[in-house]
Amino acid sequence: MRVITTENNWKTLSTETVYENAWLELSHRDVINPSGNKGIYGLVKFKNQAIGVIPIDEEGNIYLVGQFRYAIDEYSWEIPEGGGLLGTDALDAAKRELKEETGLVAGKWTKLARIHTSNSATNEEGFLYIAEELTQMDAEPEDTEDLQVRKVHLKEAVDMVMRSEITDSLSVCAILMTARQKGI
(Lines give C-alpha, C1' and ligand atoms only; values in the text may rest on other atoms or scores of the structure.)
Protein backbone atom coordinates (compact mmCIF):
# COMPACT_ATOMS: atom_id res chain seq x y z
CA MET A 1 0.00 0.00 0.00
CA ARG A 2 1.28 3.46 -0.95
CA VAL A 3 1.95 5.89 1.88
CA ILE A 4 -0.11 9.06 1.59
CA THR A 5 1.79 12.24 2.35
CA THR A 6 0.33 15.71 2.73
CA GLU A 7 3.69 17.47 2.71
CA ASN A 8 4.61 19.93 -0.05
CA ASN A 9 6.73 17.88 -2.48
CA TRP A 10 7.30 20.72 -4.98
CA LYS A 11 10.36 22.98 -4.94
CA THR A 12 10.28 26.45 -6.49
CA LEU A 13 13.59 27.39 -8.12
CA SER A 14 12.57 30.81 -9.47
CA THR A 15 9.50 33.00 -9.86
CA GLU A 16 8.93 35.74 -12.44
CA THR A 17 5.82 37.92 -12.56
CA VAL A 18 4.84 38.10 -16.23
CA TYR A 19 1.63 40.11 -15.84
CA GLU A 20 -0.12 41.99 -13.06
CA ASN A 21 -3.15 44.25 -12.70
CA ALA A 22 -5.43 45.35 -9.86
CA TRP A 23 -7.15 41.94 -9.69
CA LEU A 24 -4.51 39.30 -10.36
CA GLU A 25 -0.86 38.38 -10.83
CA LEU A 26 0.38 35.80 -13.32
CA SER A 27 3.76 34.23 -12.63
CA HIS A 28 6.06 31.81 -14.44
CA ARG A 29 7.89 29.44 -12.13
CA ASP A 30 10.78 27.06 -12.63
CA VAL A 31 10.20 24.09 -10.33
CA ILE A 32 11.30 20.66 -9.27
CA ASN A 33 8.16 18.53 -9.48
CA PRO A 34 7.20 15.70 -7.10
CA SER A 35 9.10 13.17 -9.26
CA GLY A 36 12.32 15.17 -8.80
CA ASN A 37 12.35 16.47 -12.39
CA LYS A 38 12.76 20.09 -13.47
CA GLY A 39 9.65 21.69 -14.93
CA ILE A 40 7.64 24.88 -15.25
CA TYR A 41 4.44 26.05 -13.63
CA GLY A 42 2.14 28.98 -14.36
CA LEU A 43 0.29 30.37 -11.35
CA VAL A 44 -2.53 32.91 -11.19
CA LYS A 45 -2.73 34.65 -7.82
CA PHE A 46 -5.94 36.56 -7.22
CA LYS A 47 -5.96 39.73 -5.15
CA ASN A 48 -9.56 39.11 -4.06
CA GLN A 49 -11.41 36.26 -2.46
CA ALA A 50 -14.35 34.87 -4.45
CA ILE A 51 -17.73 35.41 -2.81
CA GLY A 52 -20.96 33.61 -3.67
CA VAL A 53 -24.42 34.03 -2.15
CA ILE A 54 -27.42 31.76 -2.54
CA PRO A 55 -30.46 33.84 -1.57
CA ILE A 56 -33.41 31.59 -0.72
CA ASP A 57 -36.94 32.67 0.20
CA GLU A 58 -39.59 30.99 2.36
CA GLU A 59 -41.03 29.07 -0.63
CA GLY A 60 -37.66 27.55 -1.56
CA ASN A 61 -36.98 29.89 -4.49
CA ILE A 62 -33.48 31.16 -5.15
CA TYR A 63 -32.35 34.17 -7.16
CA LEU A 64 -29.97 33.73 -10.08
CA VAL A 65 -28.10 36.47 -11.89
CA GLY A 66 -27.58 36.28 -15.64
CA GLN A 67 -24.84 38.06 -17.52
CA PHE A 68 -22.52 37.66 -20.46
CA ARG A 69 -19.10 36.49 -19.22
CA TYR A 70 -16.29 37.86 -21.35
CA ALA A 71 -13.71 35.23 -20.28
CA ILE A 72 -15.78 32.28 -21.54
CA ASP A 73 -17.61 34.15 -24.34
CA GLU A 74 -20.96 32.85 -23.07
CA TYR A 75 -24.05 34.00 -21.24
CA SER A 76 -24.02 32.62 -17.69
CA TRP A 77 -26.70 32.04 -15.06
CA GLU A 78 -25.14 32.02 -11.62
CA ILE A 79 -25.73 32.92 -8.01
CA PRO A 80 -24.95 36.51 -6.98
CA GLU A 81 -21.18 36.67 -6.65
CA GLY A 82 -18.17 38.89 -6.73
CA GLY A 83 -14.96 39.61 -4.90
CA GLY A 84 -13.82 40.76 -1.51
CA LEU A 85 -10.38 42.14 -0.85
CA LEU A 86 -7.98 39.67 0.73
CA GLY A 87 -7.84 40.15 4.47
CA THR A 88 -11.34 41.64 4.69
CA ASP A 89 -14.46 40.00 6.09
CA ALA A 90 -16.01 37.69 3.49
CA LEU A 91 -19.50 38.07 4.98
CA ASP A 92 -19.37 41.85 4.53
CA ALA A 93 -18.45 41.29 0.87
CA ALA A 94 -21.32 38.78 0.51
CA LYS A 95 -23.82 41.30 1.87
CA ARG A 96 -22.51 43.97 -0.50
CA GLU A 97 -22.64 41.67 -3.56
CA LEU A 98 -26.19 40.48 -2.82
CA LYS A 99 -27.51 44.03 -2.52
CA GLU A 100 -25.48 45.28 -5.47
CA GLU A 101 -26.56 42.57 -7.92
CA THR A 102 -30.15 41.79 -6.84
CA GLY A 103 -31.25 44.55 -4.49
CA LEU A 104 -31.89 41.90 -1.84
CA VAL A 105 -30.99 42.38 1.82
CA ALA A 106 -30.97 39.35 4.12
CA GLY A 107 -31.84 39.13 7.81
CA LYS A 108 -30.19 35.73 8.26
CA TRP A 109 -26.79 34.59 6.98
CA THR A 110 -25.22 31.13 7.13
CA LYS A 111 -21.71 30.27 5.97
CA LEU A 112 -22.04 27.36 3.57
CA ALA A 113 -18.47 26.54 2.50
CA ARG A 114 -14.90 27.51 1.75
CA ILE A 115 -13.75 26.28 -1.67
CA HIS A 116 -10.87 26.59 -4.14
CA THR A 117 -12.22 27.48 -7.57
CA SER A 118 -9.49 25.91 -9.74
CA ASN A 119 -6.61 24.77 -7.54
CA SER A 120 -4.44 23.40 -10.34
CA ALA A 121 -3.70 26.88 -11.71
CA THR A 122 -4.81 29.45 -9.15
CA ASN A 123 -4.77 30.07 -5.42
CA GLU A 124 -8.26 31.62 -5.51
CA GLU A 125 -10.25 30.90 -2.39
CA GLY A 126 -14.03 31.20 -2.40
CA PHE A 127 -16.58 31.62 0.37
CA LEU A 128 -20.22 30.63 -0.05
CA TYR A 129 -23.15 31.86 2.02
CA ILE A 130 -26.88 31.20 2.28
CA ALA A 131 -28.96 34.37 2.66
CA GLU A 132 -32.49 34.11 4.10
CA GLU A 133 -35.22 36.40 5.44
CA LEU A 134 -34.99 38.49 2.28
CA THR A 135 -36.18 42.07 1.74
CA GLN A 136 -36.24 43.64 -1.73
CA MET A 137 -34.49 46.98 -2.18
CA ASP A 138 -32.98 48.66 -5.27
CA ALA A 139 -30.06 46.91 -6.98
CA GLU A 140 -26.80 48.84 -7.46
CA PRO A 141 -24.85 47.04 -10.22
CA GLU A 142 -21.35 48.10 -11.23
CA ASP A 143 -20.85 49.66 -14.66
CA THR A 144 -19.33 46.39 -15.95
CA GLU A 145 -22.49 44.47 -15.05
CA ASP A 146 -25.51 44.16 -17.36
CA LEU A 147 -27.52 41.82 -15.17
CA GLN A 148 -30.82 40.01 -15.28
CA VAL A 149 -32.28 38.52 -12.09
CA ARG A 150 -34.30 35.32 -12.32
CA LYS A 151 -36.22 33.61 -9.49
CA VAL A 152 -36.36 29.80 -9.71
CA HIS A 153 -37.17 27.05 -7.23
CA LEU A 154 -34.09 25.40 -5.75
CA LYS A 155 -35.11 22.09 -7.37
CA GLU A 156 -35.17 23.76 -10.81
CA ALA A 157 -31.73 25.27 -10.12
CA VAL A 158 -30.44 21.74 -9.34
CA ASP A 159 -31.93 20.55 -12.64
CA MET A 160 -30.19 23.45 -14.43
CA VAL A 161 -26.87 22.35 -12.88
CA MET A 162 -27.47 18.75 -13.94
CA ARG A 163 -28.25 19.89 -17.53
CA SER A 164 -25.05 22.02 -17.53
CA GLU A 165 -27.10 25.19 -17.90
CA ILE A 166 -25.32 26.49 -14.78
CA THR A 167 -21.56 25.85 -15.04
CA ASP A 168 -20.01 28.49 -12.76
CA SER A 169 -18.11 26.62 -10.02
CA LEU A 170 -19.29 28.80 -7.12
CA SER A 171 -22.89 28.42 -8.28
CA VAL A 172 -22.71 24.66 -8.82
CA CYS A 173 -21.24 24.11 -5.36
CA ALA A 174 -23.66 26.42 -3.58
CA ILE A 175 -26.77 25.09 -5.33
CA LEU A 176 -25.93 21.42 -4.78
CA MET A 177 -24.82 21.93 -1.17
CA THR A 178 -27.93 23.96 -0.34
CA ALA A 179 -30.18 21.39 -2.01
CA ARG A 180 -28.60 18.65 0.09
CA GLN A 181 -29.11 20.70 3.27
CA LYS A 182 -32.75 21.31 2.32
CA GLY A 183 -33.39 17.63 1.49
CA ILE A 184 -33.75 18.11 -2.29
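**Hairpins at the β1–β2–β3 end**

In this predicted model, β2 and β3 form a hairpin with five residues between them. One residue of that turn, G36, has a positive phi of about 90°. The two strands, β2 (24-32) and β3 (38-46), run antiparallel and are held together by nine bridges. One of the pairings puts L24 across from F46, its bridge partner in β3.

S35 also sits in the loop between β2 and β3. With a relative accessible area of 64%, S35 is exposed, because anything over 50% counts as exposed. S35 is also a long way from V149: 114 residues separate the two in sequence, and the C-alpha to C-alpha gap in space is 49 Å.

On its other side, β2 teams up with β1 (residues 11-20). These two strands are antiparallel as well, with eight bridges joining them, and the hairpin that links β1 to β2 passes through three residues. Here K11 stands opposite I32 in β2.

What makes up the nonpolar patch of about 260 Å² on the surface? The patch is made by V18, Y19 and L26. Of these residues, V18 belongs to strand β1. Is V18 buried, exposed or partly exposed? V18 is partly exposed, since its relative accessible area of 48% falls between the 20% limit for buried and the 50% limit for exposed.

How values were computed. Residues are numbered from 1 along each chain as its sequence is written. This is a predicted model: local features need pLDDT of at least 70, side-chain atom pairs count only at pLDDT 80 or more; totals for chains, interfaces and linings use all residues. Side-chain values use heavy atoms; hydrogens and water are left out. Helices (H or I, at least four residues) and strands (E, at least two) are DSSP runs, numbered from the N terminus. Buried means under 20% relative accessible area, exposed over 50%, partly exposed in between (1.4 Å probe, protein chains only). Patches are made of residues with over 30% relative accessible area and no salt bridge: like charges are joined within 9 Å, nonpolar side chains (Val, Leu, Ile, Met, Phe, Trp, Tyr) within 5 Å. Accessible areas come from the Shrake-Rupley method with a 1.4 Å probe; for residues, only the protein chains shown count as cover. A salt bridge is a side-chain nitrogen of Lys or Arg within 4 Å of a carboxyl oxygen of Asp or Glu. Two strands pair if DSSP finds at least two bridges between them.
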